[in-house]
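Biologist: I have the model open on my screen. Can you take me through the contacts, starting with the nucleic acid?

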Number of protein chains: 2
Amino acid sequence: MKQTEAPSTKERILDAAERLFAEHGFAATSLRTITAAARANLAAVNYHFHSKEALIRAVFARRLGPVNQQRLQLLEACQARAGKGPPRLEEVLEAFFGPALRLGRGLAQSGINFQRLMGRMYGEPGEHFRSMLQEQFAEVAVRFGEALRKALPELPPVELYWRVHFMLGAMAHTLTGVDYLPLFSGGQCDPSDVEGTVRRLVSFLAAGLRAPVAPRQASRSRA
Amino acid sequence: MKQTEAPSTKERILDAAERLFAEHGFAATSLRTITAAARANLAAVNYHFHSKEALIRAVFARRLGPVNQQRLQLLEACQARAGKGPPRLEEVLEAFFGPALRLGRGLAQSGINFQRLMGRMYGEPGEHFRSMLQEQFAEVAVRFGEALRKALPELPPVELYWRVHFMLGAMAHTLTGVDYLPLFSGGQCDPSDVEGTVRRLVSFLAAGLRAPVAPRQASRSRA
DNA sequence: GTCTATATGGGGATAGAC
DNA sequence: GTCTATCCCCATATAGAC
């Protein structure tokens with residue numbers, strides 16, 4: 001393991017930005033606040049990142065790269081285990097959720113901050129985030145899409161899209177909700193139990209994905 | 001039906017704010033932009049709403065009141081149908097999702113804007129939103145919590161909390177994703193089909209909520 | 001209720017010395 | 001690579017005339 005040396009200015013800015021963006025949102029966090037927290041000079045942001053928008057991209061890229069790489073790696077492993085047959089649905093889901101949710105464990109507080117960020121990213125307005133999401137997830141989307149189609153051969157593609165959409169929502173909310181769930185469960189649920197979270201999320205979603213396709217109900221009211 | 005008269009300044013501001021908040025987020029939308037779009041004077045915001053924060057609350061309260069009222073009404077109906085037995089899970093879910101998702105139909109574009117807003121609200125940072133959520137949903141949360149416990153008598157309460165959490169995530173993402181899903185499905189999914197959306201969401205989530213509780217797996221790696 | 005004008009503060013970005 | 005100083009713009013909020 002690499003010795004933990006004094007982090008560079010660039011890294012301190014990334015760390016501070018990650019934390020503050022997670023706590024207060026992007027628009028509400030000023031570069032001045034970030035550089036103050038990072039014990040760096042205001043101009044350093046523009047020197048290292050050129051603009052606030054580029055800083056945001058850098059914050060995401062730093063963590064999302066490794067996460068997505070690990071996702072693809074786990075997916076390959078589970079496809080290898082399946083041989084020529086369809087991969088097991090639960091394993092595909094775990095390959096997708098595991099790396100993201102385990103960030104909170106590997107990086108301690110920093111990882112938790114990033115989890116919140118990642119979850120919020122999906123709902124963020126503006127074209128900037130839209131395009132970032134598409135870039136970052138392009139390959140992962142294709143590969144996991146294929147795997148899910150194979151794991152659920154009976155499910156019509158349109159229905160699969162819908163269900164993947166629901167699934168991403170559940171994941172995003174689980175990521176942001178690290179501090180939400182204990183609140184409304186009266187402390188009964190503990191999101192710091194990462195493996196428990198993954199297990200619960202996977203079994204919930206696997207059941208949802210396997211649900212029989214609901215028939216178009218006879219139109220009872222023509223509202 | 002009430003005649004559609006020229007809306008008052010107050011209403012025009014609410015409409016414009018709703019749309020612009022939905023499109024660009026809260027922090028990124030200035031009162032100047034809002035009043036310009038509403039063809040109102042900048043000072044009118046402070047006259048009618050006192051502050052930007054209060055304006056945000058007003059935007060939510062205007063729609064959420066009726067939605068929650070309708071939710072409780074539908075829940076009562078479905079409990080009445082069940083008599084003394086447990087209510088049917090699918091009906092409980094539909095009572096919860098239906099009113100929110102049907103906003104997009106009843107109010108046309110305005111409703112779609114509000115859907116986006118409502119979905120994003122869950123992920124919004126800051127204590128202000130946290131407390132708004134709790135106020136607005138206090139009664140609904142209690143009543144639907146009870147109903148779900150009755151509909152799923154076998155499920156341990158802790159697991160129910162987790163699953164409700166996942167469920168809210170799927171709903172929030174469905175609300176915000178009105179324009180997201182058609183994009184990545186290549187136009188194959190049509191969120192303007194409200195009843196289809198409700199039906200799909202309900203059957204997906206009902207299956208997830210009914211999933212067998214995953215056993216704590218034997219720890220294979222002590223990572 | 002609606003306007004103009006303004007108070008007051010903070011934002012992102014950059015020039016140029018060191 | 002890091003700093004100070006500054007440009008220029010926009011934000012919310014309010015005072016006070018109409």
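Modeller: A polar side-chain atom of A:Thr9 is 2.9 Å from a phosphate oxygen of DNA strand D. That is a polar contact, meaning a pair of N or O atoms within 3.5 Å; within protein, one must be able to donate a hydrogen and the other to accept it, and residues adjacent in sequence count only if both atoms are side-chain atoms.

Biologist: What are the ground rules for the numbers?

Modeller: This is a predicted model, where local features need pLDDT of at least 70 and side-chain atom pairs count only at pLDDT 80 or more, while totals for chains, interfaces and linings use all residues. Residues are numbered from 1 along each chain as its sequence is written, chains are lettered from A and ligands numbered from 1 in the order in which they are written, and side-chain values use heavy atoms, with hydrogens and water left out.

Biologist: Which base atom of DNA strand D does B:Arg32 approach?

Modeller: A base nitrogen, which lies 3.4 Å from a polar side-chain atom of B:Arg32. B:Asn46 has a side-chain N or O atom 3.4 Å from a phosphate oxygen of DNA strand D. The elements giving two or more residues to the surface near this strand are helix H3 (42–49) of chain A, plus helix H2 (31–37) and helix H3 (42–49) of chain B. Helices here are DSSP runs (H or I, at least four residues; strands are E, at least two), numbered from the N terminus.

Biologist: Which residues come nearest to DNA strand D?

Modeller: A:Thr9, A:Asn41, B:Ser30, B:Leu31 and B:Arg32, out of 14 around the strand. Near means that one of the residue's heavy atoms lies within 4 Å. Of the strand D atoms within 4 Å of the protein, 57% belong to sugar or phosphate and the rest to bases.

Biologist: And which residues are closest to DNA strand C?

Modeller: Strand C is surrounded by 14 residues, with A:Ser30, A:Leu31, A:Arg32, B:Thr9 and B:Asn41 the closest. Phosphate oxygens of strand C lie 3.0 Å from a polar side-chain atom of B:Thr9 and 3.1 Å from one of B:His48.

Biologist: Switching to the protein. How is chain A related to chain B?

Modeller: A turn of 180° with a shift of 0.0 Å along the axis lays chain A on chain B with an RMSD of 0.1 Å. That is the relation of a two-fold axis. The superposition is by least squares on the C-alpha atoms of residues with pLDDT of at least 70 in both copies.

Biologist: How much area is buried between chain A and chain B?

Modeller: About 5,100 Å², with carbon and sulfur atoms giving 65%. Buried area is the accessible area (1.4 Å probe) that two parts lose on being put together, summed over both. A:Trp162, A:Phe166 and A:Phe204 supply 15% of what chain A buries against chain B, more than any other three residues.

Biologist: Why do you say the copies meet through the same surface?

Modeller: Because 100% of the interface residues of chain A are also interface residues in chain B. The contact (heavy atoms within 4.5 Å) takes 58 residues from each of chain A and chain B.

Biologist: How many salt bridges between chain A and chain B?

Modeller: Two, where a salt bridge is a side-chain nitrogen of Lys or Arg within 4 Å of a carboxyl oxygen of Asp or Glu. A:Glu159 forms one with B:Arg200, with the closest N and O atoms 3.0 Å apart. H8(A) gives the largest share of the side of chain A that touches chain B, 14 residues.
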